[in-house]
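This report describes a helix packing and an aromatic contact, and it is meant to be read alongside the sequence and coordinates shown here.

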Amino acid sequence: MRTAPAASMSTDSAPSGLLQLIWLASPALPIGGFSYSEGLEAAIEQGLVHNVQSATDWVVDHLHLTQSRGDMAVLAQAIPAWQCGDTARLQALNDWVMATRETAEMRLQAEQMGRSLLDWLRNLQQASDAQLNCCAQLPPTYPLAMALALSLAQAPLAQALQACAFGWAENMTQAALKAVPLGQSAGQRMLARLAREIPLAVQTAMQTNDEDRQAFNPMLAILSARHETQYSRIFRS
């Protein structure tokens, strides 16, 4: 039996762009995404979400009303900015993210996940020292740190955004399973619906410019503010 050439078996070979996207989309990424429900737990407490249909509709609305026109639009602009080293653009986008966090919980999530993702990149030596230092000096919010991670995969922009959106969808589905609660089969139906909606959300994000980018969702902000003092909760937002 012939053995493979030694070079092809090297453990130092970097994962392919596809594998990097799958890795970044994984809920196992140690950045704390599983600990946030992004207002869903408060919506359940208020009776707005109570079964698989209402949970699915709520998360789909969240995808299109806030994610696609806000953080995903930031990602669509920050990924190429990282690739060409446009630090002024990166700082402006990061400042926008910080300015649009309407509650303490939202700000906490953006900051904590940004720091954790930067630590992950540093530990795995996934970025250059110059990129890591630039990210640290922003200081990074989650969208800007994720944009750096996605830019290193050298994948097409639409695929990078789809991977990030699916990772978000998985975290939201897991939150619904725990808090509504729902069964595993219901969760898979929820993910199937989100998977059909993600391409449209990505298209919206890629077409959204600075003037159209927005994070205005009054009901979500109210739910987040209520969650900060909610008596019984399992999530940080």
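## Tryptophan 120 and its aromatic partner

In this predicted model, tryptophan 120 has a relative accessibility of 10%, and because the cut-off for burial is under 20%, tryptophan 120 counts as buried. Tryptophan 23, by contrast, has a relative accessibility of 37% and therefore counts as partly exposed.

The structure holds one aromatic pair, and tryptophan 23 and tryptophan 120 are the residues that form it, in an edge-to-face arrangement with 5.3 Å from centre to centre and 90° between the planes. Since tryptophan 23 belongs to helix α1 (residues 17-25) and tryptophan 120 to helix α6 (residues 104-124), the pair ties together parts that lie 97 residues apart in sequence.

## Packing of α4 against α5

Two packed helices are described by the angle between their axes and by the distance between those axes. For helix α4 (residues 71-84) and helix α5 (residues 87-99), the angle is about 155° and the axes are 9 Å apart. Angles over 145 degrees count as roughly antiparallel, and α4 and α5 are therefore roughly antiparallel to each other. The crossing of these helices, α4 and α5, is left-handed.

## Residues at the α4–α5 contact

On the α4 side, the contact involves Val74, Gln77, Ala78, Ala81 and Trp82, which meet Arg89, Leu90, Leu93, Trp96 and Val97 of α5. Sorted by character, the residues of this contact comprise eight that are nonpolar, one that is polar and one that is charged. Gln77 is the polar residue among them, and Arg89 is the charged one.

Methods:
Residues numbered from 1 in each chain as written. Predicted model: local features only at pLDDT ≥ 70, side-chain atom pairs only at ≥ 80, totals over all residues. Heavy atoms only, no water. Axes fitted to C-alpha atoms, helices over the stretch in contact; angles between N-to-C directions. Helix = DSSP H or I, 4+ residues; strand = E, 2+ residues; numbered from the N terminus. Parallel < 35°, antiparallel > 145°, perpendicular 65-115°, else oblique. Left-handed = near helix turned anticlockwise from the far one by under 90°. Contact = heavy atoms within 4.5 Å. Phe/Tyr/Trp six-rings, centres within 6.5 Å; stacked < 30°, edge-to-face > 60°. Buried < 20%, exposed > 50% of the residue type's maximum accessible area, 1.4 Å probe, protein only.
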